[in-house]
Amino acid sequence: EIMQKYFNTLLDVMPCWLCTVMDISDNMPLIEGMFDLVIFDEASQIFPWDAIGSIYRGKQLIICGDNKQRPPTNFFQVSLDHDDEGDEESDDISAFESVLDYAVAYPHKRLTWHYRSKNEELIAFSNQNFYEGSLTTFPSAIKKKKGFGIDFYYVANGNYKKNKRTNEVEAEKIHEFLMDKGI
């Protein structure tokens with residue numbers, strides 16, 4: 001109600017908003033073109049039907065994403081809709097088309113630099129296996145050491161229980177690791 005009643009005042013005070021597409025649909029007044037610009041980041045994870053409300057509210061749209069990244073999934077909704085006993089339907093984590101899939105028909109640019117990883121090892125696998133080595137990455141300034149980049153920890157006797165979506169042995173190992181690190 002506050003958003004509906006005082007939106008223009010709030011927009012004057014805060015001209016830039018950071019919201020999920022669902023926050024926009026649930027909380028913002030339905031006014032066509034009320035925002036000068038709407039930007040979707042990680043658009044590969046946004047369902048098209050969830051994006052429509054935000055698109056309607058914007059005068060311009062920028063869609064950022066990578067179709068080689070995680071697509072939208074119904075995994076969490078399915079998890080909430082079913083009990084722990086599990087059934088075949090609850091194992092459905094199939095991917096859906098994203099708003100990014102619909103945006104490919106419009107002019108686009110491909111970014112080729114990857115700079116966010118503190119350790120190049122974190123992007124190297126994807127760069128070689130998904131991007132055919134086309135990303136420009138930057139070597140780490142820190143020498144490889146345990147706990148930085150990618151480490152392998154063997155967990156004996158791990159057993160994934162599909163109906164509960166758990167692996168208690170692995171979870172216990174992660175718990176021990178975090179406790180040892182004081183996290």
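These questions and answers concern a predicted model.

User: Which helix supplies the largest share of the largest nonpolar core?

Analyst: The largest nonpolar core has 15 residues, and Phe7, Met28, Phe35, Phe40, Ile46 and Val99 are those with the most contacts inside it. At least two residues each come from helix H1 (2-13), helix H2 (21-27), strand E1 (38-40) and helix H5 (99-103). The largest share, 3 residues, comes from H1.

User: Which residues does Phe35 touch, not counting residues up to four places away in sequence?

Analyst: Phe35 is among the residues with the most contacts inside the largest nonpolar core. Leaving out residues up to four places away in sequence, Phe35 touches Phe7, Leu11, Trp17, Ile24, Met28, Arg57, Gly58 and Lys59.

User: How many residues apart are Asp36 and Lys59, whose pair links distant parts of the chain?

Analyst: The structure holds 1 salt bridge. The side chains of Asp36 and Lys59 meet in a salt bridge at 3.3 Å, N to O. Asp36 lies in the loop between H2 and E1, Lys59 in the loop between helix H3 (48-56) and strand E2 (61-63), and the two are 23 residues apart.

User: Is Asp36 buried or exposed?

Analyst: The cut-off for exposed is over 50% relative accessible area. Asp36 has 52% relative accessibility, so Asp36 counts as exposed.

User: Why does Tyr153 count as partly exposed?

Analyst: Tyr153 is found in the loop between strand E4 (136-137) and helix H7 (168-181). Together with Ile174, Phe177, Leu178 and Ile183, Tyr153 makes a nonpolar surface patch of about 470 Å². Partly exposed lies between under 20% and over 50% relative accessible area. Tyr153 counts as partly exposed because its relative accessibility is 36%.

Notes
Residues numbered from 1 in each chain as written. Predicted model: local features only at pLDDT ≥ 70, side-chain atom pairs only at ≥ 80, totals over all residues. Heavy atoms only, no water. Patch = residues over 30% accessible without salt bridge, like charges linked within 9 Å, V, L, I, M, F, W, Y side chains within 5 Å. Areas by Shrake-Rupley, 256 points an atom, 1.4 Å probe, with all protein chains shown as cover. Salt bridge = Lys/Arg side-chain N within 4 Å of Asp/Glu carboxyl O. Helix = DSSP H or I, 4+ residues; strand = E, 2+ residues; numbered from the N terminus. Buried < 20%, exposed > 50% of the residue type's maximum accessible area, 1.4 Å probe, protein only. Core = buried A, V, L, I, M, F, W, Y, C linked by side-chain atoms within 4.5 Å. Contact = heavy atoms within 4.5 Å.
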